[in-house]
Amino acid sequence: MTDPFYPPQSPIATGLACRCPRCGQGRLFSGYLELVEHCDICDLDLRDSDSGDGPAVFVIFALGFIVVPIALWVEARFQPPLWLHAVLWSIMILGGALALLRPFKGVMVALQYKHRGISDGS
């Protein structure tokens, strides 16, 4: 019996969509950041995938690259009080981190699969 053929998937597209890196259809997460053990469509074993701290580091860099120039512009243009800066940028950074962490982890897992860090059983 032959194994089913799965056409190559874009790691960026599947990761950002939080889909299985092999079939592109099954869901990747069972919780906010917890990966499923097996894809429910193609049965890819995802237990050995480990993105480490990479997604968190990329989120920190991305948010720093976006938020710091905006915060400096707001300070130069409007000169709000420091307490307003603290509230505004804390909310922006926390919201941005929560919004970006899951897709960035999905991309890291998909890249790991593409470069054979995750065994597909073949």
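Serine 49 is buried in this predicted model, because its relative accessible area is 11%, under the 20% limit for that class. This residue belongs to the loop that connects helix H1 (11-16) with helix H2 (54-78). The side chain of serine 49 has a polar atom 2.8 Å from the backbone oxygen of leucine 46.

Beyond that loop, helix H2 contains leucine 63. Leucine 63 also counts as buried, because its relative accessibility is 11%. Apart from neighbours within four places in sequence, the residues in contact with leucine 63 are Val68, Ile93, Gly96, Ala97 and Leu100. Tryptophan 89 is separated from leucine 63 by 26 residues in sequence, while their C-alpha atoms are 11 Å apart in space.

The discussion now turns to helix H3. This helix comprises 33 residues, 82-114. At 1.5 Å a residue, H3 should span 48 Å, and the distance of 46 Å between its end C-alpha atoms therefore agrees with the expected value. The helix nevertheless bends by about 30° at leucine 100, the residue already named among the contacts of leucine 63. A proline, proline 103, follows the bend within four residues.

Several residues of H3 are buried, among them Trp89, Gly96 and Pro103. Gly96 is also in contact with leucine 63. The list of buried residues in H3 further includes His85, Lys105 and Tyr113. The buried residues of this helix pack against H1 and H2. After H3 comes arginine 116, which has a positive phi, near 65°.

Definitions and conventions:
Residues numbered from 1 in each chain as written. Predicted model: local features only at pLDDT ≥ 70, side-chain atom pairs only at ≥ 80, totals over all residues. Heavy atoms only, no water. Helix = DSSP H or I, 4+ residues; strand = E, 2+ residues; numbered from the N terminus. Buried < 20%, exposed > 50% of the residue type's maximum accessible area, 1.4 Å probe, protein only. Polar contact = N/O pair within 3.5 Å; in protein donor to acceptor, adjacent residues only side chain to side chain. Expected span 1.5 Å × (residues − 1). Bend = angle between axes of the 7 residues up to and from the residue. Contact = heavy atoms within 4.5 Å.
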